[in-house]
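Q: I am new to this structure and would like a close look at a single part, the sheets of chain A and what packs on them. Please also place that part in its wider setting.

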Amino acid sequence: MSEIEITDVAMRFRGRHGEVSALERISLTVPDGQFACIVGPSGCGKSTLLMIAAGLITPTEGEVLVNGKATFEPGADRGMVFQSYSLYPWLSVRRNIEFGPEIKKVPAGERRKTSSELIHLMKLDGFADAYPKVLSGGMKQRAAIARALAGDPEVLLMDEPFGALDAQTRQIMQELLTDIWQRYRKTVLFVTHDIEEAIFLGDVIYVMTSRPGRIRTTLAVDIPRPRTFDTLTGPRFAELRNQVVGVIHEESLKAVESELARA
Amino acid sequence: MSRVPAARVAPAPPAVTPRRRRGFIRTYLTPKQAIPGRARLTLAIGSFVVVVGVWSGLAALVQNSSPQYGALFVPSPYQVVVTWWDMMVNLGFYNDVGWSAFRIVAGFLLAAAAAVPLGLLMGSFEAVRSFFNPPINAIRYMPASAFIPLLILLQGLGEDEKITIIWIGVFFQLVLMVMDIAHRVPDEMLNVAYTLGASRWTVFYKVFLPATFPEVVDALRITMGWAWTYLIVAELVAAEHGIGSFILIAERYLRADRIIAAIITIGALGLITDTLFAIVHRLAFPYVEKVRA
């Protein structure tokens, strides 16, 4: 059982022209083993929401529950992967992956077993002792995902993890991530602005509105798993995409208009 | 799937394959274009040859036009080398070098020992930054050399006065550089550690500190160069030993050759320390991505 619940979370900032509402009463529950995606136009506060879920930002209102218990601080129960790979450049790939277990004082032998397994799964064989500087963007992100998994979190939070990668690499990474997820069945909350990525990966998609961020629609992705490259060309995929594209487009327009109105 | 028609037979290649032209201008005057390694070495050596050549020419010119005083004011490179040897063997110049080096090392170490920890704290805790930043920023604009007369009044002409001047010159610059370095550590590096279960203290010493080390060593290397400037100024004003005081005495005896030899010695010492820092950096931080210079 690992479930994350976001209840009535709101976030307001004090701006130059009074209070600015970034997130407005957001509630969602990701049940055990579900892959949930949040998509929305840029600036809708989806990353803020994820930071709140991680405990890295304290919301103005509401709370985050992991397995029914309220959390107020970041912790190993919610592992996070950022867009900027944020590997520790002074540690080898293996030591990066073992960072979480090391903090938890897992014995060295067990640590090594975990890291070896993840290095193989993430297709990083031969790079265990390399420093991050020699890795490509895709490899860096694979190492960062391995590091998050090595911490054995209840929930995996991913903030546009493939946003900085080129289209081909991104596709490969998405396929790898679905495979890994099938294997570990982690509860995942995945933020992206890429609609196709959300459909390809997710069981459910939350579409957010532009600022102030609210959940506008929830869509269940009823495409069977395992999903492969062929999923992308199926008719159901196209249908879902058109649906989400329409909603997002509307919201993006609204965002532009409200920016113009403010100017 | 429709079948792709077989490609037609490619036409025979032209007799003369077009090649990229490699003229002098294209090789050497394309902005930001790398040049052949041998050319780079030749140019580096060439710059020394030019400097020594121009200097020799000038010296010959002046010495020819004024046989009596020329050598006194514009010695040739060769004469300077001879003088340097004489200084080392007969005048105990190495003693002055030793004194200067001692002051530099002492002043610099004391400044770094205070500036690095404080800079790290200022970069990571806004409370510490808010408290220390205004005075340090103000003092930074007061030239260290302006403190010399005051320090002579307060401390006299001894070693502590020299060391204090170096300390003032280095500390206030270094502390702000280190603060910036600490401030630039990406939040995400720290946040990842928190989401792996690290405590504040663990994040501080296992992530934050190592993330700053390479750039801190770079900052030390840069401020070390400034320390030399302040030391020589202090020694020029008043000192019994040291390269600065040696230069001052040489001036009284109209010995331009000794002054030049001493200045070049300072340059060589600077180059040696700089190289040492570079070696330490390379050995201690093999993981740092090299930015092509």
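**The sheets of chain A and their surroundings**

A: In this predicted model, chain A holds an open sheet of six strands, which follow one another in the order 6-7-8-3-9-10 and pair in a mixed fashion. At the borders of this sheet lie strand 6 (78-81) and strand 10 (215-220) of chain A, the edge strands, each of which pairs on one side only. From one strand to the next, the twist of this sheet averages 15°.

Towards the strand 10 border, strand 9 (residues 204-208) of chain A runs antiparallel to strand 10 of chain A, and five bridges join the two. Within this pairing, Val207(A) has Thr217(A) of strand 10 of chain A standing opposite. Helix 8 of chain A packs on this sheet, where it touches strand 3 (35-39), strand 9 and strand 10 of chain A, and the direction of this helix makes about 175° with that of strand 10 of chain A. Another helix, helix 5 (residues 137-150) of chain A, lies across strand 6 and strand 7 (155-159) of chain A, and runs at about 175° to strand 6 of chain A.

Chain A also has an open sheet of four strands, in the order 2-1-4-5, and here the pairing is antiparallel. Its edge strands, which pair on one side only, are strand 2 (18-30) and strand 5 (69-71) of chain A. In this four-stranded sheet the twist averages 35° from one strand to the next. Strand 1 (residues 4-15) of chain A pairs with strand 4 (residues 61-66) of chain A over five bridges, in the antiparallel sense, and one pair to look for there is Ile6(A) with its bridge partner in strand 4 of chain A, Val64(A). Helix 1 (residues 46-54) of chain A packs on this sheet and touches strand 1, strand 2 and strand 4 of chain A, while its direction makes about 120° with that of strand 1 of chain A.

As for how far the prediction can be trusted here, the mean pLDDT of chain A is 88, and 100% of its residues reach 70 or more. Within chain A, confidence is lowest in helix 8 (residues 235-262), the helix already met on the six-stranded sheet, at a mean of 83, whereas helix 2 (residues 93-97) of chain A has the highest confidence, at 95.

The wider setting includes chain B, in which 15 residues are in contact with 21 residues of chain A. On the side of chain B that touches chain A, the elements giving two or more residues are helix 9 (187-195) and helix 10 (200-237) of chain B, and helix 9 of chain B supplies the largest share, six residues. The domain assignment divides chain B into domain 1 (32-73) and domain 2 (80-284), whose centres, taken over C-alpha atoms, are separated by 31 Å.

Further along chain B, the axes of helix 11 (residues 243-252) and helix 12 (residues 256-284) of chain B come within 9 Å and cross at roughly 165°, which means that helix 11 of chain B is roughly antiparallel to helix 12 of chain B. The crossing of these two helices is left-handed. Among the residues that make their contact are Ile243(B), Phe246(B) and Ile247(B) of helix 11 of chain B, together with Ile259(B), Ala262(B) and Ile266(B) of helix 12 of chain B.

Definitions and conventions:
Residues numbered from 1 in each chain as written. Chains lettered and ligands numbered in written order. Predicted model: local features only at pLDDT ≥ 70, side-chain atom pairs only at ≥ 80, totals over all residues. pLDDT = per-residue confidence, 0-100. Pairing = 2+ DSSP bridges. Axes fitted to C-alpha atoms, helices over the stretch in contact; angles between N-to-C directions. Contact = placed C-beta atoms within 7 Å. Domains from an automatic or database assignment. Parallel < 35°, antiparallel > 145°, perpendicular 65-115°, else oblique. Left-handed = near helix turned anticlockwise from the far one by under 90°.
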